[in-house]
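Biologist: I am new to this model, and I would like a close look at its charged pairs. Please start there, then show me what else stands out.

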Amino acid sequence: MAYKALYRTYRPSTFDEVAGQEHIVRTLKNALATGKLAHAYLFAGPRGTGKTTMAKLLAKALNCDEGMGCQCNECKNCKAIIEGTHPDVLELDAASNNGVDEIRDLIDKVKYGTILGKYKVYIIDEVHMLSTGAFNALLKTLEEPPEHVIFILATTEPHKILPTILSRCQRYDFTKLSDNDIKNRLKAVLENEGVAYNDDAIDIIISLADGGMRDALSILDQVLAYSGNKLDVQDILDIFALESKEEKLALLDSIINKNVSDVLSRINRYVSLGTDIKRLTDDLLIILKDILIYQSSRNISCLETLDEQEAKSFLRRLSVEETLNMIDIIMNAQKDFKNVTSIIPLFEVTILKLITAKKDGASIQEIPEPVIEKPLPKPEPVVVEKPREPEPIKVKEEEMISLLDQPKPEVKPVVLSEGVVAIKNTRKDDSFFIDDDLMIDIMVVSKKDIKNKLLDEWGNLKRYIAHPVLGKAASLLADGRPLVASNKVLVVEYQLPTTAERGNLIENQENIQNVIETVFGKKMFVYAVSRKESVRCQQNYMNKLQISKLPKADSINIEFEGE
């Protein structure tokens, strides 16, 4: 006899064997017990959650010789439904039979009586694939079918079904199965098949199945075909190009310890092995989520991946703020994955940004080249003058009310430069513009300690939002965050391109420079970039770094015109 896939072999034969979906099972059982049957049902939900299986179980419960609601699996009706040969239970795939002619043919046969069972059951799978004409042809019959006919429509996309069809059906929403339901079912299958297994391997299959029982059993089938009569973690990792939890924790350790060489060598290995980068990114996010939960609550019952000892090992090495910053970086990368043709460079940039998430991290120009044999020449250090501490504006509570009515205070003017000497064409219409070459120069001479000092004091900008002269510029700056900073230039990153465009208007630059000098004690040219532009610039930087095409820091001279 030909081999039968596990998801078909272990398909539930009664309502009691169904994993999860308790709300649907209970409702259908009660409807069958009381005889309150609908003439049309809609089963909607993600793939592999039991919609078609539930439809066939309902067909058995309607036609079993033992009586309404029974599923003996021994009578001629039950056996015929199990084998798919029952003349009164007709299954139609709407994906390949979605025209008007197929539906009209079905309608013509509806009026005939049953042959073997009590009810004629029509199961239309992927019903959302029917054409508009086919839906309209089905409308009248679906609303008033003969008493012996019941329609069961199944779909993964109920929003594509006409409202007139939805209003004629009793709808049941299938949900993704819980990890516990899938685990119990997989264990029962493995024990019945006599397969040796461990819980870690089952947990990996559950994470890959994403709430679908059919997917879980299909994955199990594939792994057993590869490994034989055992279920081992390493076999699953090999088949699906995954990394072990130990490897992910080792990568995170290198990130926290700022071991850039080790991190880059690991990334190169992932690329050479064809590791699923998106899933690796998702797994890193889950680990960081577990760390954040343990940092905040010490509640081990909520941990998804880590055990208590593993979570505790990160307590002294990461603060809550640093963990949140790393989570934000990964979540932004997940969004950007959808907008790039190759995710490898973006993944590399994301990991490097994680390394710099801690306040004492290495600056971007200190990251070594991962491929070439000879190390890059280290740029000569640039002397940074210690900025003077800003004098905070002290406003009494009663004075704050009339702040906007006070005369404008004298603010030391800063002469707006015509541009940056390092580039001739910094003006573009009414805005400043920095091209890729100048941006690379700025990134090469940028200093991490200057950026960190700005980040530490960036919150002070909010104290100036109500200022009658500097308020507008302070509010604009507060919406962004420092991306790179040198002695003379600050690049600020914004989420929205429209906000970045406002920051680059020539008319705003004088007040923006005044705010920076007032709050941070540094006279700097300020340039704004959007989040998307920031990712592109950093990818450009990494590409030049890898082919050793970055300019030397001592050859770059960025000054304000007139200085």
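Modeller: We need one term at the outset: a residue is buried under 20% relative accessible area, exposed over 50%, and partly exposed in between, using a 1.4 Å probe and protein chains only. Residues are numbered from 1 along each chain as its sequence is written, and side-chain values use heavy atoms, without hydrogens and water. The model is predicted, so local features need pLDDT of at least 70 and side-chain atom pairs pLDDT 80 or more, while totals for chains, interfaces and linings use all residues.

Now the charged pairs. How many salt bridges does a search of the whole structure find? There are 27 salt bridges. The term means a side-chain nitrogen of Lys or Arg within 4 Å of a carboxyl oxygen of Asp or Glu.

Take Glu91 and Lys56 as one of them. Their closest N and O atoms are 3.5 Å apart. Glu91 belongs to strand E2 (residues 89-93) and Lys56 to helix H3 (residues 51-63), so this salt bridge ties together parts that are 35 residues apart in sequence. Helices (H or I, at least four residues) and strands (E, at least two) are DSSP runs, numbered from the N terminus. Is Glu91 buried or partly exposed? With 46% relative accessibility, Glu91 is partly exposed. Its partner Lys56 is also partly exposed, at 23%.

Next comes a salt bridge inside one helix. Asp262 pairs with Arg266, and the closest N and O atoms lie 2.8 Å apart. Both residues sit in helix H13 (residues 260-273). Why does about one helical turn separate them? Because Asp262 and Arg266 are four residues apart in that helix. The two partners fall into separate accessibility classes. Asp262 has 22% relative accessibility and counts as partly exposed. Arg266 has 17% and counts as buried.

The next pair involves two neighbours in the sequence numbering. Asp290 makes a salt bridge with Lys289, with 4.0 Å between the closest N and O atoms. Asp290 is buried, at 0% relative accessibility. Lys289 is partly exposed, at 31%. Which residues do shared salt-bridge partners join into one network? They are Glu243, Glu247, Asp262, Arg266 and Arg269. So the helix H13 pair, Asp262 and Arg266, is not alone: both residues belong to that network.

Leave charge and look at rings. How many aromatic pairs does a search of the whole structure find? It finds seven. Among them are Phe43 and Tyr172, whose ring centres are 5.8 Å apart and whose planes meet at 85°, so they are edge-to-face. Phe43 is in strand E1 (residues 40-44) and Tyr172 in strand E5 (residues 170-173), so the pair links parts that are 129 residues apart in sequence. Rings of Phe, Tyr and Trp (its six-membered ring) pair if their centres lie within 6.5 Å; planes under 30 degrees apart are stacked, over 60 edge-to-face, and the rest tilted. Phe43 is buried, with 0% relative accessibility. Tyr172 is buried too, with a relative accessible area of 7%.

Another pair is Phe432 with Phe525: the ring centres are 5.1 Å apart and the planes stand at 85°, so this pair is edge-to-face. Phe432 lies in strand E7 (residues 431-432) and Phe525 in strand E10 (residues 525-530), so the contact ties together parts that are 93 residues apart in sequence. Phe432 is buried at 4% relative accessible area, and Phe525 is buried at 1%.

Return to Phe43 and Tyr172. They also belong to a group: Tyr41, Phe43, Tyr172 and Phe174 form one aromatic cluster.

Finally, turn to the backbone. Glu126 is not a glycine, yet its phi is positive, about 50°. Glu126 is in the loop between strand E3 (120-125) and helix H6 (132-143). Glu126 is partly exposed, with a relative accessible area of 24%.

Arg298 is another residue other than glycine with a positive phi, this one near 60°. Where is Arg298 placed? Arg298 sits in the loop between helix H14 (277-297) and helix H15 (308-312). Arg298 is partly exposed, at 46% relative accessibility.
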